[in-house]
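Visitor: Hello! Could you walk me through this protein, step by step?

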Amino acid sequence: MMEIKTLRVGGLLLPSNILMAPLAGYTSYPFRILAYELEAGLCFTEMVSANALKYQDQANRRLLFTTEDEPIKAVQLLGGSPAVMEQMAKSPLLKDFDLIDINMGCPVPNVFKSGEGSALMLDMPKTSAVIRACKKAESLYPSSAAPEFGRMRCSPRNLPECARTPGRT
């Protein structure tokens with residue numbers, strides 16, 4: 001049986017080690033609140049496109065809906081352009097979020113072909129640039145309020161390069 005215990009993610013102390021990943025079409029605000037009521041320690045929004053937010057896409061903006069009732073606010077940001085990722089990480093749209101995760105796992109062909117999601121894992125210099133760009137947003141927050149940023153996920157295939165790249169986990 002799984003042991004439920006607290007979990008530290010950067011400066012955040014999560015009340016449990018049960019995490020709910022982003023699920024397209026499911027992880028809306030009401031679903032996240034329900035998951036928190038069932039003792040989830042962290043719940044993510046659906047994957048949000050940085051590029052769509054840049055162009056003020058209303059459907060993507062709706063995915064960011066949250067209130068004070070959501071105890072820990074986590075968003076997963078999708079993008080491959082360091083400049084756009086930095087712009088959106090600094091955007092007032094994300095100011096209420098405690099954690100910003102950079103999507104590096106989505107294998108959907110259209111996402112992959114555009115150099116986003118899992119395609120980032122094949123380009124460590126670009127991945128590192130995206131991470132560094134997002135981390136620049138931390139300077140906009142008081143030290144106690146800066147969001148945590150998801151880090152690079154390493155796999156056996158890219159481990160040697162990943163170990164030499166800043167921002168890895």
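Here is a short conversation about the model, from its overall layout to a few single residues.

Visitor: How many helices and strands does the protein have?
Guide: Welcome! Please keep in mind that this is a predicted model. From the N terminus on, the elements run β-β-β-α-β-α-α-β-α-β-α-α-β-α. Counting them up gives seven helices and seven strands.

Visitor: Which element of the protein has the lowest mean pLDDT?
Guide: Let's begin with the whole protein: its mean pLDDT is 85, and 82% of the residues reach 70 or more. Among the elements, H1 has the highest mean, 96. At the other end, with a mean of 52, is helix H7 (residues 159-163).

Visitor: Over which residues is the pLDDT below 50?
Guide: Where pLDDT is low, the predicted coordinates should not be read in detail. One stretch calls for that care, although it has 26 contacts in the model beyond near neighbours in sequence. The pLDDT is below 50 over residues 151-156.

Visitor: Is Thr-45 buried or exposed?
Guide: Thr-45 is found in strand S4 (residues 42-49). Leaving aside neighbours within four places in sequence, its contacts include Pro-22, Leu-63, Val-75 and Phe-97. A residue counts as buried under 20% relative accessible area. Thr-45 has 0%, so the answer is buried.

Visitor: Which residue's backbone nitrogen does the side chain of Thr-45 reach at 3.5 Å?
Guide: A good place to look is the list of residues in contact with Thr-45, which includes Ala-74, Val-75 and Gln-76. The backbone nitrogen that the side chain reaches at 3.5 Å belongs to Gln-76.

Visitor: How far apart in space are Ile-72 and Leu-42?
Guide: Ile-72 is found in the loop between helix H3 (58-62) and strand S5 (74-78). Ile-72 counts as buried because its relative accessibility is 9%, and Leu-42 is among the residues it touches. In sequence the two are 30 residues apart, but in space, C-alpha to C-alpha, the distance is 6.5 Å.

Visitor: Leu-23 has a relative accessible area of 39%; is it buried, exposed or partly exposed?
Guide: Leu-23 lies in the loop between strand S3 (19-20) and helix H1 (29-37). Buried means under 20% and exposed means over 50%. The value for Leu-23 is 39%, so this residue is partly exposed.

Visitor: How much accessible area do Leu-23, Tyr-26 and Phe-31 have together?
Guide: These three residues form a nonpolar patch on the surface. For the whole protein, the accessible surface comes to about 9,200 Å². Together, the three residues of the patch have about 300 Å².

How values were computed:
Residues are numbered from 1 along each chain as its sequence is written. This is a predicted model: local features need pLDDT of at least 70, side-chain atom pairs count only at pLDDT 80 or more; totals for chains, interfaces and linings use all residues. Side-chain values use heavy atoms; hydrogens and water are left out. Helices (H or I, at least four residues) and strands (E, at least two) are DSSP runs, numbered from the N terminus. Buried means under 20% relative accessible area, exposed over 50%, partly exposed in between (1.4 Å probe, protein chains only). A polar contact is a pair of N or O atoms within 3.5 Å; within protein, one must be able to donate a hydrogen and the other to accept it, and residues adjacent in sequence count only if both atoms are side-chain atoms. Contact means heavy atoms within 4.5 Å. Patches are made of residues with over 30% relative accessible area and no salt bridge: like charges are joined within 9 Å, nonpolar side chains (Val, Leu, Ile, Met, Phe, Trp, Tyr) within 5 Å. Accessible areas come from the Shrake-Rupley method with a 1.4 Å probe; for residues, only the protein chains shown count as cover. A salt bridge is a side-chain nitrogen of Lys or Arg within 4 Å of a carboxyl oxygen of Asp or Glu. pLDDT is the predictor's confidence in each residue, from 0 to 100.
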